[in-house]
Amino acid sequence: MKLMIASDIHGSAYYCKQMLQRFKEEEADKLILLGDILYHGPRNDLPKEYEPKKVITMLNDIKDDLLCVRGNCDTEVDQMVLDFPILADYSILYVANRMIYLTHGHNYNKNSLPPIKKGDVLLHGHTHIPVCEEVGTTGIIYMNPGSISIPKENSSHSYMIVDDREVVWKELDGVEYKNYRL
């Protein structure tokens, strides 16, 4: 199975449209969103083409292709307009004999680990910075796709592709810039 993983759309119709075009071109089986879908949040500037209603329509149109976890900017009100569930705090996937713990990152993160063990992957958004690193001496791998709409620390608008062999970080134009063998 091929998965596309993205985070932190923050209501940008411009970047959501680009993300969905990449999803189509990647021919991924599922699009996993790691939260902060509609609202930009009080700490962020408005992203380009901040139009949550357009984002709602674009994502509702592919509801069967989505798996989402709740971000710190996602609420019950957002769930009322979205036709797919977004309020789960986490989800778990098994890929290449590894457990991947999906969450947004505001509760569980590399400084506050969920109940996972050596060899498992903690995958979250929230920081808007792409990452792949081992968490101290725990043997846990922390990964972050970065942000679709509001990248930070001079990172690119980015997402990840995961299959049964590797994880690949790509810029929103599809250019690969990092990979990790599972």
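Aspartate 36 is buried yet forms no salt bridge. The nearest side chain of opposite charge belongs to arginine 43, 6.4 Å away. A salt bridge needs a nitrogen–oxygen pair within 4 Å. The model is predicted.

What does the side chain of aspartate 36 meet in a polar contact? The partner is the side chain of histidine 104, at 3.1 Å. Aspartate 36 sits in the loop between strand 2 (30–33) and helix 2 (52–60). Beyond its neighbours within four places in sequence, aspartate 36 is in contact with Asp8, Ile9 and His10. The set also includes Gly71, Asn72, Cys73 and Asp74, along with His104.

**The open sheet**

Five strands form an open sheet in the order 4-5-6-8-7, with mixed pairing. Strand 4 (90–95) and strand 7 (130–134) are the edges, each pairing on one side only. From one strand to the next, the twist averages 20°.

**Two antiparallel pairs**

Strand 4 pairs with strand 5, and strand 10 with strand 11. Both pairs are set out below.

| Strands | Residues of second strand | Bridges | Direction |
|---|---|---|---|
| 4 and 5 | 98–103 | 6 bridges | antiparallel |
| 10 and 11 | 176–181 | 5 bridges | antiparallel |

Tyrosine 94 has methionine 99 of strand 5 as its bridge partner. Strand 10 covers residues 166–171. There, valine 167 stands opposite tyrosine 180 of strand 11.

Strands 10 and 11 make a hairpin with 4 residues between them. Which residue of this hairpin takes a positive phi? Glycine 174 does, with a value near 95°.

Definitions and conventions:
Residues are numbered from 1 along each chain as its sequence is written. This is a predicted model: local features need pLDDT of at least 70, side-chain atom pairs count only at pLDDT 80 or more; totals for chains, interfaces and linings use all residues. Side-chain values use heavy atoms; hydrogens and water are left out. Two strands pair if DSSP finds at least two bridges between them. Axes are lines fitted to C-alpha atoms, for helices over the stretch in contact, and angles run from 0 to 180 degrees between N-to-C directions. Buried means under 20% relative accessible area, exposed over 50%, partly exposed in between (1.4 Å probe, protein chains only). Lys and Arg count as positive and Asp and Glu as negative; His and the chain ends are not counted. A polar contact is a pair of N or O atoms within 3.5 Å; within protein, one must be able to donate a hydrogen and the other to accept it, and residues adjacent in sequence count only if both atoms are side-chain atoms. Contact means heavy atoms within 4.5 Å.
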